[in-house]
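Some labels in a structural description rest on a cut-off, and it helps to see how each one is reached. The exchange below takes several such labels in turn.

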Amino acid sequence: MKPCRQCGKKAVIDLRSRNLRLCAECFPPKFVELTERSIKQYKMLAPGERVLVAVSGGKDSLSLWYVLNHLGYDTTGLYIDLGIAQGSYSSQSRRHCERMAAQLGRELRVVRVEEDFQNGVPEAARLMGRAACSFCGMVKRYYMNRVALEEGFDAVATGHNLDDEATTLLMNVLHGNWGYIARQAPVLPAREGFVRRVKPFCRHTEKETALFALLMGIEYIEDECPFSVDAPSLFYKDILNRIDHQYPGTKLQFYSEFVKHRRFFEGAVAEGEVLSPCLLCGQPTTGEICAFCRAKEQVAQRRSRLLERVGSKGEE
Ligand code: SF4
Ligand code: ZN
């Protein structure tokens with residue numbers, strides 16, 4: 001690789017989409033600077049705001065917590081324990097979050113899915129007949145909003161990177177999910193019962209966040225969630241990477257141009273959508289009972305029916 005554009009030392013990364021080659025010393029400050037630029041450009045956060053950073057133990061979210069803290073925001077981590085026992089995934093990822101909290105001297109809130117769904121996300125998704133990731137996404141969004149709202153945070157920040165965002169966008173375009181597209185944005189403003197949600201890494205590739213974590217000595221869980229192997233998004237991510245390799249900058253351009261013109265999709269959001277507090281938990285919903293509370297009831301019912309059936313077979 002040719003030398004660093006800033007100091008002439010050996011470069012470790014070539015940001016071809018930005019026409020920038022950087023060495024191990026020049027890359028981290030540039031990464032932080034570019035994050036700050038995204039925060040300002042998309043008006044994600046105001047100086048000193050209280051931010052709840054959703055951390056999973058992975059490179060993106062832990063790097064995000066580190067960077068937001070470095071930029072002077074009043075950060076608190078939120079770890080959602082999904083109850084994934086396979087490969088000790090949940091316990092290992094939690095340890096990484098606790099380590100980061102100690103390093104930053106910041107608080108880590110922990111929410112355990114098992115308090116609402118007895119055996120965590122895997123069993124609950126199975127009982128609901130849903131793919132683990134789709135159920136998990138609903139549950140995570142619910143907890144993030146509930147904790148942020150109850151504890152008066154200004155915003156929730158998530159570690160979604162450019163690869164995640166461009167992949168989601170591509171999938172939604174290909175499948176014609178216009179309503180989802182209209183809701184995809186670097187910042188989702190606060191509205192009736194929803195706290196503002198921001199994605200400060202939305203213009204950083206996965207490769208960049210991984211390199212940042214490595215260079216800053218951030219320890220993260222390297223194993224992927226066991227459910228991610230079946231996720232269709234991996235296939236689309238790979239296709240986008242191949243396109244970007246052939247035509248550098250395509251991924252960033254695809255996402256940035258969409259963000260610039262996303263107002264054209266806003267009409268796809270259900271018109272006249274009225275939100276009111278869920279009768280059971282108080283979180284905003286379009287019906288009387290929110291999706292989370294409905295799932296909680298259904299999972300409990302299906303579980304006890306299953307146990308009854310198993311019990312009666314045992315007696316036969
Ligand atoms: Fe949840 Fe799926 Fe991500 Fe695993 S891969 S944490 S199940 S969304
Ligand atoms: Zn509810």
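**Reasoning from values to labels**

Q: In this predicted model, why is Arg242 called exposed?
A: Arg242 has a relative accessible area of 55%, and the term exposed applies over 50%, so Arg242 is counted as exposed. Arg242 is found in helix H9, which covers residues 233–246.

Q: What makes the contact of Arg242 and Asp238 a salt bridge?
A: The side chains of Arg242 and Asp238 meet at 3.0 Å, N to O, and the limit for a salt bridge is 4 Å between a side-chain nitrogen of Lys or Arg and a carboxyl oxygen of Asp or Glu, so the contact qualifies. The two residues are 4 residues apart in helix H9, which means a separation of about one helical turn. Asp238, for its part, has a relative accessible area of 36% and is therefore partly exposed.

Q: Which residues are joined into one network by salt bridges that share partners?
A: Lys59, Asp60, Asp164, Glu206 and Lys237 are joined in this way. By the rule for salt bridges, the count comes to 23.

Q: How do you know that Glu33 and Arg37 form a salt bridge, and how are they placed in helix H1?
A: The closest N and O atoms of Glu33 and Arg37 are 3.1 Å apart, and this value lies within the 4 Å limit, so the pair is counted as a salt bridge. Being 4 residues apart in helix H1, Glu33 and Arg37 are separated by about one helical turn. Glu33 has 36% relative accessibility and counts as partly exposed, and Arg37, with a relative accessible area of 46%, is also partly exposed.

Q: Why are Glu123 and Arg303 called buried or exposed, whichever applies?
A: Buried means under 20% relative accessible area; Glu123 stands at 17% and therefore counts as buried, and Arg303 stands at 18% and therefore counts as buried as well. Their side chains meet in a salt bridge of 2.8 Å, N to O. This pair links distant parts of the chain, with Glu123 in helix H4 and Arg303 in helix H11, 180 residues apart.

Q: Why is the pair of Phe117 and Phe292 called edge-to-face?
A: The ring centres of Phe117 and Phe292 are 5.3 Å apart, which is within the 6.5 Å required for a pair; their planes stand at 80°, and an angle over 60 degrees counts as edge-to-face, so the label follows. Phe117 lies in the loop between strand S5 and helix H4 and Phe292 in helix H11, so the pair ties together parts that are 175 residues apart in sequence. Both Phe117 and Phe292 are buried.

Q: How many aromatic pairs does a search of the whole structure find?
A: The search finds 10 aromatic pairs. Separately, Phe27, Phe31, Tyr66, Phe201 and Phe212 form one aromatic cluster.

Q: What makes Lys43 count as exposed?
A: Lys43 has 70% relative accessibility, and the label exposed needs over 50%, so Lys43 counts as exposed. Lys43 lies in the loop between helix H1 and strand S3, and its phi is near 50°, a positive value in a residue other than glycine.

Q: Why is Arg309 called exposed?
A: With a relative accessible area of 53%, Arg309 is over the 50% cut-off and is therefore exposed. Arg309 belongs to helix H11, residues 291–315, and gathers with Arg302, Arg305 and Lys313 in a patch of positive charge on the surface.

Definitions and conventions: Residues numbered from 1 in each chain as written. Chains lettered and ligands numbered in written order. Heavy atoms only, no water. Patch = residues over 30% accessible without salt bridge, like charges linked within 9 Å, V, L, I, M, F, W, Y side chains within 5 Å. Areas by Shrake-Rupley, 256 points an atom, 1.4 Å probe, with all protein chains shown as cover. Lys, Arg positive; Asp, Glu negative; His and termini not counted. Charge placed at Lys NZ, Arg CZ, Asp CG, Glu CD. Buried < 20%, exposed > 50% of the residue type's maximum accessible area, 1.4 Å probe, protein only. Phe/Tyr/Trp six-rings, centres within 6.5 Å; stacked < 30°, edge-to-face > 60°.
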